[in-house]
Amino acid sequence: MAASFDPPIIKSDQASGYSGIQERSTPFHSFLEHSTLFLFPVVFLLNLHWASSVLYELELLWLLLLAVPLGIIGGDFLSGIVHWAADTYGSEETPLIGPSLVRPFRLHHLYPRDICTHGLVELTGNVCILAVPVLSASLYLLWLLPGSGLVAFFVACLSLTTAATVATNHFHMWAHQESPSRIARWLQRTRLVLEPNHHHEHHTQPFNMNYCITNGWLNPVLNRLKFFRRLEATLRLVGVETAKVKNPTAKY
Ligand SMILES: [Zn+2]
Ligand SMILES: [Zn+2]
């Protein structure tokens with residue numbers, strides 16, 4: 001009887017979820033990513049401290065208890081809007097947002113595990129580039145209207161929304177990791193961050209649900225309301241057509 005052996009299993013890049021592509025930022029972009037990553041915690045804490053002080057003076061500090069869930073929900077909603085827009089409109093060639101926004105999301109569907117190879121700067125740098133000017137503007141707002149409880153509450157919510165948004169790619173990466181850390185698994189189980197099985201529904205047919213990727217709290221509501229389909233229909237009325245995107249079938 002002839003000896004038999006199992007042939008080695010060779011996974012193609014797409015089957016494994018990794019592209020093997022290594023992209024590098026330009027020196028200027030890299031400078032922006034690093035500098036804003038350093039500045040983000042500074043402006044975030046300044047905003048939160050200043051807003052809390054105003055609320056404390058006005059004996060409205062309890063409003064922070066409301067600002068925390070609102071800020072997290074705001075971040076989840078923002079992640080859904082950006083993700084849906086990048087999945088649905090434009091192409092990698094679209095000026096400005098094509099290479100920096102559309103391409104990463106489209107590539108993510110083909111190679112979902114690439115995100116697991118990204119470091120801190122790659123995961124959060126682009127979001128910090130946008131978050132730091134926003135939080136600088138809110139500091140200016142606090143300076144302009146120093147005694148306003150409404151402004152202080154708005155700034156507290158905004159600061160927490162930006163923090164949730166900056167953290168989103170980390171939570172998204174954890175959802176794709178084969179062996180996330182203990183703390184990540186606990187946060188996923190408690191649904192404080194994006195739960196993998198919930199997110200994987202986005203990566204399966206018909207690829208048009210669960211766009212929110214901070215913790216996904218809003219996904220059941222937005223799915224039920226057909227929020228994004230209605231938004232697409234509304235935009236179609238004003239002549240904005242969805243892109244013809246080929247749905248990927250890669251594993252996650
Ligand atoms: Zn997507
Ligand atoms: Zn994903």
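The legends below describe close-up views of a predicted model of a protein chain with zinc ions.

**Figure 1. Overall view of the protein chain, which contains 10 helices and zero strands.** Read from the N terminus, the order of elements is α-α-α-α-α-α-α-α-α-α. The chain has 252 residues, and 39% of them count as buried. Among contacts with a separation of 6 or more, 71% are between residues 24 or more positions apart. The accessible surface amounts to about 14,900 Å², and carbon and sulfur atoms contribute 67% of it.

**Figure 2. Confidence along the chain, with an average pLDDT of 90.** A score of at least 70 is reached by 89% of the residues. In residues 1-12 the pLDDT is below 50. Beyond near neighbours in sequence, this N-terminal stretch has one contact in the model.

**Figure 3. Site of the zinc ion (ligand 1), with donors from His83, Asp87, His109 and His202.** The three histidines each coordinate through NE2 and Asp87 through OD, at 2.0 to 2.1 Å. The angles among the four donor atoms run from 94 to 145°. Tetrahedral geometry would require all angles to lie between 85 and 135 degrees, and the site is classed as irregular. Along the chain the donors follow the spacing H-x3-D-x21-H-x92-H. Two of these donors, His109 and His202, link distant parts of the chain, being 93 residues apart. His109 belongs to helix 4 (residues 97-110), whereas His202 sits in the loop between helix 8 (196-200) and helix 9 (219-224). His109 counts as buried because its relative accessibility is 11%, under the 20% cut-off. His202 is also buried, at 1%.

**Figure 4. Site of the zinc ion (ligand 2), with five histidines as protein donors.** The donors are the NE2 atoms of His108, His172, His176, His199 and His203, and they lie 2.0 to 2.3 Å from the ion. Their spacing in sequence is H-x63-H-x3-H-x22-H-x3-H. His108 is in helix 4 and His203 is in the loop between helix 8 and helix 9, so this pair ties together parts 95 residues apart in sequence. Both residues are buried: His108 has a relative accessible area of 8%, and His203 has a relative accessibility of 6%.

**Figure 5. Salt bridge between the side chains of Glu92 and Arg103.** The N to O distance is 3.3 Å, and the pair belongs to a set of three salt bridges in the structure. Glu92 lies in the loop between helix 3 (63-88) and helix 4, and Arg103 lies in helix 4, 11 residues apart. Glu92 counts as partly exposed, with a relative accessibility of 31%. Arg103 is partly exposed as well, at 23%.

**Figure 6. Salt bridges of Arg229 with Glu232 and of Arg236 with Glu241.** Glu232 and Arg229 meet at 2.9 Å, N to O. Both lie in helix 10 (residues 227-237), three residues apart, which is about one turn of the helix. Within this pair, Glu232 is buried at 9% relative accessibility, while Arg229 is partly exposed with a relative accessible area of 28%. For the side chains of Glu241 and Arg236 the N to O distance is 3.8 Å. Arg236 counts as partly exposed, at 38% relative accessibility.

**Figure 7. Backbone around Pro206 and Asn210, in the loop between helix 8 and helix 9.** The peptide bond from Gln205 to Pro206 is cis, and its omega is near 0°. Asn210 is not a glycine, yet its phi is positive, at about 55°. Asn210 is buried, with 1% relative accessible area. The loop between helix 8 and helix 9 also holds the zinc donors His202 and His203.

**Figure 8. Backbone at Arg191, in the loop between helix 7 (182-189) and helix 8.** Arg191 is not a glycine but has a positive phi of about 65°. With a relative accessible area of 43%, Arg191 is partly exposed.

Technical notes: Residues numbered from 1 in each chain as written. Chains lettered and ligands numbered in written order. Predicted model: local features only at pLDDT ≥ 70, side-chain atom pairs only at ≥ 80, totals over all residues. Heavy atoms only, no water. Donors = N, O, S within 2.8 Å, 3.2 Å for Na, K, Ca; no water. Tetrahedral: all angles 85-135°; square planar, octahedral: opposite > 155°, others 65-115°. Helix = DSSP H or I, 4+ residues; strand = E, 2+ residues; numbered from the N terminus. Buried < 20%, exposed > 50% of the residue type's maximum accessible area, 1.4 Å probe, protein only. pLDDT = per-residue confidence, 0-100. Contact = heavy atoms within 4.5 Å. Salt bridge = Lys/Arg side-chain N within 4 Å of Asp/Glu carboxyl O. Areas by Shrake-Rupley, 256 points an atom, 1.4 Å probe, with all protein chains shown as cover.
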